[in-house]
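Visitor: Could you take me through one part of this structure closely, please? I am new to this, so I would like to see how the pieces sit against each other.

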Amino acid sequence: MGHGISRRGLLQGAAGAAAAGTLAGCAMGGDDSPDDAKGEVTASNPLGVKPDAPLEVVIFNGGFGEEYAKAHEAMYRQRYPKAEIKHSATQQIAETLQPRFVAGDPPDVVNNSGGSQIDFNGLVSEGALTDLGELLDAPSLDDPNTKVRDTLLPGIVDVGSYDGRFLSLNYAYSAYGVWYSQKLFDARGWEYPKTWTEMIALCRTIKAAGIAPWTYPGKHSRYMSWPILAAAGKTGGIEVIKAIDNLEPNAWKHDAVRAAAEAYYQLAVDGYLQPGAEGMDHIQSQTEWCRGHAAFVSCGSWLENEQKSVTPPGFRMAVAPTPSLTAGDKMGFEAFRGTGSEPFIVPTKGKNVRGGLEYLRIMLSQQGASDFTRKVSSLTCVRGSSAGIALGPGLTSVTKLIDASNGGAFTWLYSSYYRKLERERVDAACAELFTKRINAAQWCDKVQRSADEFAQDPAVKKYKRA
Amino acid sequence: MRGKRLFIATFLIPPLLLYGVFVVSPYAQAFQIAGTDWSGLSPEYDFVGLDNFRRLAGDGYFWNALRHNALMLVVLPVATILLGLFFASMISVGGRPDRAGVHGVRGAGLYRVVYFFPQVLSVAIIGVLWKEAYAPHTGMINGVLRAVGLDALAVAWLGDPRFSFWCVLAVLVWMNVGFYVVLFSAAMQSIPRDLYEAALLDGASRLTTLVRITVPLVWDTIQVAWVYLAIIAIDGFAIVQIITDGGPSSSSDVVGLRLYKTAFGDGQFGYASAIGVAMFFMTLTVAVAFLRVTRRERVEL
């Protein structure tokens, strides 16, 4: 037995192999060769799509599934039969696509949604997203005399805009509010309260009837920040919300925000929250609500779809705006938080940016949108696209909410500008508030401190909401 | 000689190459990325020197997570090894001595299989199972507590910052103990039976036998177990992410989860890599320290 390989030789070999590996598979490398496929601009092809350029679409395979996207792709194929369409669907958008953004080889259309969506703050500050302004000004698929911009519901352009550039199309339309079972309310002769005083009074009645007035997902307590902020906006006006979006000093300590926090904190103080809700996730608490163990829950209009399998027949879920806090509220009772969800983006470095824009234009057609509503029971951001479709009781009540508000929907943007501020900080503060570990004033202080932290963090790109 | 070298090289080079590409190179790159402000979304980045580490030093959320890892580092190995040793010794040598000599308790074979069950399940399934078991109204734990009349103890386990961390820790012990039962009982099989018989003749109790005979003779295995468990305690990411996602109010956060959220949630791969580098050194330090501390004379049979 000779010393075939010395220890030193072995180590050198290992080091060499490591060095070779480093060179071969560097995580940060990438090429920049934007070779955008362009075609001729004509009346029927206003975005100048190259008819034979392949198109790649990546869909978030969540609550809405992927079938609806296949229908949109079929529509695209119909218009451009020579184009080869690559479709894929995943739940791990960030994990799957992050390396492709780095390599400069992202897909042409991405449905950047779900728990692991790619942070918009990062995407926008890297300039990775195509300005969709051109799409807004293009004629719509259904009527060459109407611009795409004019087919959208109000607020959709706002929520996808970063510093005035429209970068993400939120395709689904979600209304947020307080949900209850019409069946339960009819049976007991209760009526949804229009003012907060009435709400507290009704809670007393509900509790006396042996039902918990409210439940909430304690493990995602930010769900309860939605009625607080909606009430604050309705009381103090949209300027209060804009100050929050712009990370202004003391925005969260505004009287309207404090009053709203006090109001909802009252639910915890008076024991109107379901015991144990602090340990539930959203599915668990919503299921308690569906079983009739609680009367109210805060959620968005995806609720009906999410609870489909456990909702008892005849439950008749309905949504209502948050009750008015004071008689002098700046917005009427009907005002609610309405905004887009399911963001679609067209990466700038995609091989077929034109095709990506055209794909979105097809999605925004009446046919594309009503098909989506029919398949996934959710409204879209396209005006009037749900007309004539039989909707479930929940969605029907959402459309009533939208009609009644008369364009009075509003939303905040801080949660898309600074995702972590809502997902971690506001979430944690709400968890403390509704378990009475802090009071409403401390809640305002705590969230304000976090907002200030973001305002001062040079690593976070700031946006200005006009 | 030459032929032999070639022969050895053909066996060594492919694994070394794989190890280099998939293990050493990502580690090396993490060090490089930790010195940048890379967002993880484009090929552009700037070197920021030690800024990320400076930020880390002042990041309260990081220290909070680290505290939880430190607590896990103390409790997890101790609890798991003690339980593992107890179960293993009962299975191997805990039975009432009779004419057949020293053996395990009745049904030892069954216990051995049952303890090993959690090892067969994937971490994701264990996480989801326990998340439901801890559920306030529908969960198994509160169901049992209510059934035996302990309604006052049926709290919202994962919604209370006083309990959430310990709930996760209990799951970690539960899912790991089975493996160490098997590991320790394998080690105990190699201890000559006559040692136990001699101890019994001298009138040693079960506890004395465990402490004076079993533990010294399986010390090498315990040492290995300790290092493994320490590494699991420094990580803990998967089970925490599934059961509590670090909440409520970061009361069960761990460093691995911080890293993941910083990278994939916030798009700050530079800072996340700095957390990774810190974790790398912690794991290394702990492994070396444990090996040093537990090193002792080998018992010769």
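Guide: Let us begin with a word we will need: two helices count as roughly antiparallel when the angle between them is over 145 degrees. Keep in mind, too, that this is a predicted model.

Our close look is at chain A, and at one pair of its helices. Helix H2 of chain A covers residues 67-79, and helix H15 of chain A covers residues 366-376. They pack at an angle of about 155°, and their axes are 9 Å apart. With the cut-off at 145 degrees, H2(A) and H15(A) are therefore roughly antiparallel to each other. As for the handedness, H2(A) passes H15(A) in a right-handed crossing.

Which residues make this contact? From H2(A) come A:Glu67, A:Tyr68, A:Ala71, A:His72 and A:Met75. Facing them from H15(A) are A:Gly368, A:Asp371, A:Phe372, A:Lys375 and A:Val376. Sorted by class, the contact of H2(A) with H15(A) holds five nonpolar, two polar and three charged residues. You can try picking these residues out in the view above.

Now let us step back to the chain around this pair. Chain A contains 19 helices and 12 strands. Its radius of gyration is 25 Å, close to the 23 Å that the globule rule gives for 466 residues, so chain A is as compact as a globular protein of that length. Along the principal axes, the C-alpha atoms of chain A fill a box of roughly 85 × 70 × 45 Å.

The chain is also divided into domains. Domain 1 of chain A is made of 7-172 + 343-386, while domain 2 of chain A is made of 174-338 + 413-456. Their C-alpha centres lie 33 Å apart. Where the two domains meet, 11 residues of domain 1 of chain A are in contact with 12 residues of domain 2 of chain A. On the domain 1 side, the touching residues divide into five nonpolar, five polar and one charged.

Finally, here is a helix pair from chain B to set beside ours. Helix H3 of chain B (residues 60-93) and helix H7 of chain B (residues 164-189) pack at about 40°, with axes 7 Å apart. H3(B) and H7(B) are therefore oblique to each other. H3(B) passes H7(B) in a right-handed crossing, and their contact has 20 nonpolar, eight polar and no charged residues.

Definitions and conventions:
Residues numbered from 1 in each chain as written. Chains lettered and ligands numbered in written order. Predicted model: local features only at pLDDT ≥ 70, side-chain atom pairs only at ≥ 80, totals over all residues. Axes fitted to C-alpha atoms, helices over the stretch in contact; angles between N-to-C directions. Helix = DSSP H or I, 4+ residues; strand = E, 2+ residues; numbered from the N terminus. Parallel < 35°, antiparallel > 145°, perpendicular 65-115°, else oblique. Left-handed = near helix turned anticlockwise from the far one by under 90°. Nonpolar A, V, L, I, M, F, W, Y, C, P; charged D, E, K, R; others polar. Domains from an automatic or database assignment. Contact = placed C-beta atoms within 7 Å. Rg over C-alpha atoms; globule rule 2.2 N^0.38 Å.
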